[in-house]
Amino acid sequence: MHKLLNEQSIPAREYDMVKFSENDLAKVQEIVAHYPDGKQKSALLPVLHLAQDTFGGWLSSETMDYVASLLQIEPIEVYEVATFYSMYHLKPVGKYVFEVCQTGPCMLRGCDDIIQYITQTLGIRAGETTADGLFTLKTVECLGACGYAPMMQLGKYYREHLTKEKVDAIIAECRKTAAEQN
Amino acid sequence: MGMKLLLEKAHVEGIRHFEAYRREGGYRSVEKALKEMSPEAIVEEVKKSGLRGRGGAGFPAGMKWSFIAKPEGVPRHLVCNADESEPGTFKDRYLMEFLPHLLLEGLIVSSYALGSHATYIYIRGEYAWIATILETAIAEAKANGMLGNNILGSGFDCEIYVHRGAGAYICGEETALIESLEGKRGNPRIKPPFPAIQGVWMRPTVVNNVETLAAVVPIINMGGEEYAKIGVGKSTGTKLISACGNINKPGVYEIDMTISVEEFIYSDEYCGGIANGKRLKACIPGGSSVPILPANLLLKTAKGETRFMNYESLSDGGFASGSMMGSGGFIVLDEDQCIVKNTYTLARFYRHESCGQCSPCREGTGWMEKILWRLENGEGKETDIDLLWDIQRRIEGNTICPLGDAAAWPVAAAIRHFRDEFEWHVREPQEAKRRNYGLAHYADPIHVPVAG
Ligand SMILES: Cc1cc2nc3c(=O)[nH]c(=O)nc-3n(C[C@H](O)[C@H](O)[C@H](O)COP(=O)(O)O)c2cc1C
Ligand code: SF4
Ligand code: FES
């Protein structure tokens, strides 16, 4: 009885959400086909990327279990991997994640000031998300853009040669896109 | 102008696509190799070229290829290492972004030489848009008969797949990369067995850097002997250098390895001198893992000879007074930079990236980060400097993979050459918070030009 109640209290949507569309399932098949027969576990990293992009920008345990079932591996094999690689988020993140590089070469070109400026402007520290759920600030290690420092990753792309003005423009751009989508 | 074998066409309109690339003479090496040469003959040419691995270790590529095991009935694989995560290094990205077909061309010829019918490009996960560029190029090459079955009627079949990593420097180490390609955590394997015997899915595997594999194209086009005439000594061919830090023109440069370090830094063709009219303090010439050198030892060796941008000259003097070519990530520090802080950010990087399998690396990187933070923030003690030295010494050589050494060397070199700056942080913590130590005596022994 108690158990039943509990199950009902979980919104049905959450389970529905963790399911790839036909289109995405075809993508998964295509990825799996890159590797030899029986080595479908090799598809784990690319499939986790797809899952994270599809299911809200992070990997919940439901998502990870779902990926395990798709690839016919144990859930623990997915958890092990998801916790190892820094690009997988294991907690919800903001709609826009500012991943600012803080390693030596970027430090030499003033990334500390940029990080501080974002902190002030958005009122969040590294690792935090704004109350409206729009922005997360993350400090990350070298992203291979050292010659174009300071820089950050935003979604699939890099934003380079950052200045305070550019940061303002990026924030405005994100707010605008978010407003248009609502 | 220096000689360009790789980047010459980088800015030709439309070169990212098959049509323009082919029109500019692309894929000639595939025609030559598949129609006129045996796989063994290609390995021979690469041996003759003297090409050294461009990923960091500088191991002769032809020799590595000749080690691959060929057991009956077991597929072999070529894997291209595009993980590029060594701080200061961004050359592979440039090559793939602007000349994706050059990499594919090199991969096809190399796959033929090694007998790989399924070749993988393991690219760092953050280079997401470059993975798309490569996938587009692969589709174009396939549509034009350069990939797939029976390429150019030669009977050779080959597919190339892009595999994105997910944020882990350690996956650049070849056995960790292989684990990651298998869908596991990037924990390096104990060697032997070497990948050439048992690599991905226990099959014979060769892992080479992006630039190494792209260099196979000019080698096949011009012949190994001609290629070997470019450069000097065991530094043959051209090298991509990604230059960053406090210089006027950060970017990726293709150099002929006969130019001096001084010319590379001050010439307008390359770095264009130190930014903001400042003076050169120090430089990490080959990616964050290699020893940092003060200006005087960078421009001239301890013997007082001019230092050149090649493997032998950069390592002249060993770790006592030299450094390494490494991955070609050239990081320049001006007179206002703090060595302790720079070393701290690198120590933090290695702590973050240690896979945690070996205790000297896992614990040691954590300790080094903590102590450097203390020193940088005015809470250090005189004994901390010796403690740091001691920790780095205990990591080096005591771990499964070279990340441990890579974490130890920058700390060792910083103390070796800049000990007085560390001591100043301990003695004058308040002062150290307010200002930087400056050039001190590092630039004294020789004349260091002021940018202009
Ligand atoms: C911690 C670590 C990170 C590495 N990262 C890279 C990398 O990002 N790219 C690369 O080509 N080689 C990297 N290497 C070197 C590879 O292990 C391997 O030697 C190289 O890919 C071989 O290719 P090459 O002979 O063509 O240089 C790394 C090595 C270590 C120990
Ligand atoms: S040296 Fe460090 S990174 Fe390499 S295997 Fe050991 S713990 Fe992992
Ligand atoms: S140090 Fe920031 S991108 Fe390399």
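Start by selecting A:Glu141 and B:Arg348: in this predicted model, their side chains meet in a salt bridge, with 3.5 Å from N to O. How many salt bridges are there between chain A and chain B? The count is 3, and the pair on your screen is one between A:Glu141 and B:Arg348.

Keep A:Glu141 selected and add A:Phe84 and A:Leu108. Together these three supply 17% of the area that chain A buries against chain B, more than any other three residues. Now widen the view to the whole contact. Chain A puts in 40 residues and chain B puts in 56. Between them the two chains bury about 3900 Å², and 59% of that is on carbon and sulfur atoms.

Next, colour chain A by domain. The domain assignment gives domain 1 as 4–84 and domain 2 as 96–181. If you mark the C-alpha centre of each, you'll find that domain 1 and domain 2 of chain A lie 29 Å apart.

Then do the chain B colouring. Here you need three colours: domain 1 (18–229), domain 2 (235–334) and domain 3 (339–443). Pick out domain 1 and domain 3 of chain B, whose C-alpha centres are 36 Å apart. Where do they touch? On the domain 1 side of chain B, 12 residues are in contact with 10 residues of domain 3 of chain B. These two domains of chain B bury about 850 Å² between them, with 72% of it on carbon and sulfur atoms.

Select B:Tyr169, B:Ile170 and B:Pro188 to see which residues supply 53% of the area that domain 1 of chain B buries against domain 3 of chain B; no other three residues supply more. Don't go hunting for salt bridges here: across the interface of domain 1 and domain 3 of chain B, the rule finds 0.

Last stop: ligand 2. Zoom in and show what is around it. Ligand 2 sits in the largest cavity, with 13 residues surrounding it. For the closest ones, select B:Cys355, B:Gln357, B:Cys358, B:Cys361 and B:Cys401. What classes of residue make up the shell around ligand 2? Colour by class and you get 8 nonpolar, 5 polar and no charged residues.

Definitions and conventions
Residues are numbered from 1 along each chain as its sequence is written. Chains are lettered from A and ligands numbered from 1 in the order in which they are written. This is a predicted model: local features need pLDDT of at least 70, side-chain atom pairs count only at pLDDT 80 or more; totals for chains, interfaces and linings use all residues. Side-chain values use heavy atoms; hydrogens and water are left out. A residue is near a molecule or strand if one of its heavy atoms lies within 4 Å of it. On a 1 Å grid over the protein atoms alone, a cavity is a set of points where a 1.4 Å probe fits but cannot get out, and a pocket is an open set with protein on both sides within 12 Å along at least five of seven lines; lining residues have an atom within 4 Å of a point. A molecule sits in a cavity or pocket if more than half of its atoms lie within 2 Å of its grid points. Ala, Val, Leu, Ile, Met, Phe, Trp, Tyr, Cys and Pro count as nonpolar, Asp, Glu, Lys and Arg as charged, and the others, Gly among them, as polar. Domain bounds come from an automatic or database domain assignment. Contact means heavy atoms within 4.5 Å. Buried area is the accessible area (1.4 Å probe) that two parts lose on being put together, summed over both. A salt bridge is a side-chain nitrogen of Lys or Arg within 4 Å of a carboxyl oxygen of Asp or Glu.
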